[in-house]
Amino acid sequence: MKRLMYLAILSMAAMLISVPAASAQDDMTVSIQDFFFDPGQLTVAPGTTVTWVNEGQAPHTVTSTDGKELDSATLQPGDTYSFTFEDDDAGETYAYQCTIHPQMTASVKVSGGGEATSSASASMSPSASASASPTASASASAPQELADTGGISLPLVVAIALLGLGFLVVVAMRRAS
Ligand SMILES: [Cu+2]
């Protein structure tokens with residue numbers, strides 16, 4: 001009986017944690033017109049599914065221009081194409097074009113911070129907001145990656161330092177007694 005209650009509480013806690021994370025991202029739509037993408041520049045949170053809808057009269061494609069996975073087949077008028085930007089895409093920019101009309105170019109930027117639960121996200125958000133300032137978007141991904149590794153290694157360094165300090169205290173106390 002107690003174990004059942006414990007399981008119920010555990011599953012409720014798991015739901016409380018997972019539900020806000022799943023609903024934090026709103027799915028987005030990009031309209032394909034003759035002959036442009038609307039919006040041309042889009043920023044999404046990691047985990048967002050973007051759906052392209054061909055609302056033009058001509059066939060179009062959504063094709064990555066930098067070798068990423070983003071690649072629709074030819075979309076006839078009314079056709080749609082969906083792509084989900086994953087958590088490990090954070091900070092990346094997906095540039096794409098229509099291969100039939102190469103002058104149609106656009107991009108999707110995946111934001112860096114998000115509502116992630118790990119401690120690394122705390123150190124990432126300041127750099128994410130910094131990249132929103134009018135600096136070049138191409139340079140934004142590099143400092144973010146540096147901040148990411150810093151967020152992981154810093155607690156480790158502190159933990160090792162504390163362990164060493166504790167060891168020294170124990171040695172000092174033994175000598176004193
Ligand atoms: Cu086109």
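Patches are made of residues with over 30% relative accessible area and no salt bridge, and like charges are joined within 9 Å. In this predicted model, a negative surface patch of that kind is formed by E69, E86, D87 and D88. One of these residues, E69, sits in the loop between β5 (63-64) and β6 (80-84). Its relative accessible area is 70%, so E69 counts as exposed.

**Overall layout**

The chain contains three helices and eight strands. Their order along the sequence is α-β-β-β-β-β-β-β-β-α-α. The chain has 177 residues, of which 28% count as buried.

**The copper ion**

Which protein atoms are the donors of the copper ion? They are ND1 of H60, SG of C98 and ND1 of H101, and they lie 1.9 to 2.2 Å from the ion. The spacing of these donor residues in sequence is H-x37-C-x2-H. Two of the donor residues, C98 and H101, are buried.

I100 is placed in the loop between β7 and β8 (105-110). With a relative accessibility of 38%, I100 counts as partly exposed. I100 and T63 are 37 residues apart along the chain, and 10.0 Å separates their C-alpha atoms.

**Salt bridges**

Side chains of opposite charge can pair when their charged atoms come close. How many salt bridges does a search of the whole structure find? The search finds two, and they are listed here.

| Salt bridge | N to O distance |
|---|---|
| K68 and D66 | 3.5 Å |
| K68 and E92 | 3.6 Å |

K68 takes part in the bridge with D66 and also in the bridge with E92. K68 lies in the loop between β5 and β6, whereas E92 lies in the loop between β6 and β7 (93-97), so this pair ties together parts that are 24 residues apart in sequence. Together, D66, K68 and E92 are linked in a network of salt bridges.

Are the residues of this network buried, exposed or partly exposed? Buried means under 20% relative accessible area and exposed means over 50%, with partly exposed in between. K68 has a relative accessibility of 24% and therefore counts as partly exposed. D66, at 37%, also falls in the partly exposed class. E92 has a relative accessible area of 30%, so E92 is partly exposed as well.

**Cis peptide bonds**

Where does the chain have a cis peptide bond? One is the bond from D34 to F35, where omega is near 5 degrees. F35 is found in the loop between β1 (28-33) and β2 (36-38). Another cis peptide bond runs from D38 to P39, with omega near 0 degrees. P39 has its place in the loop between β2 and β3 (41-44).

**Loops in review**

Several of the residues described here lie in loops between strands. The loop between β5 and β6 holds E69 of the negative patch and K68 of the salt-bridge network. The loop between β1 and β2 holds F35, and the loop between β2 and β3 holds P39. The loop between β7 and β8 holds I100.

Notes: Residues are numbered from 1 along each chain as its sequence is written. This is a predicted model: local features need pLDDT of at least 70, side-chain atom pairs count only at pLDDT 80 or more; totals for chains, interfaces and linings use all residues. Side-chain values use heavy atoms; hydrogens and water are left out. Patches are made of residues with over 30% relative accessible area and no salt bridge: like charges are joined within 9 Å, nonpolar side chains (Val, Leu, Ile, Met, Phe, Trp, Tyr) within 5 Å. Accessible areas come from the Shrake-Rupley method with a 1.4 Å probe; for residues, only the protein chains shown count as cover. A salt bridge is a side-chain nitrogen of Lys or Arg within 4 Å of a carboxyl oxygen of Asp or Glu. Lys and Arg count as positive and Asp and Glu as negative; His and the chain ends are not counted. The place of a charge is taken as NZ of Lys, CZ of Arg, CG of Asp or CD of Glu. Helices (H or I, at least four residues) and strands (E, at least two) are DSSP runs, numbered from the N terminus. Buried means under 20% relative accessible area, exposed over 50%, partly exposed in between (1.4 Å probe, protein chains only). Donors are N, O and S atoms within 2.8 Å of the metal (3.2 Å for Na, K and Ca); water is not among the atoms, so sites may look incomplete.
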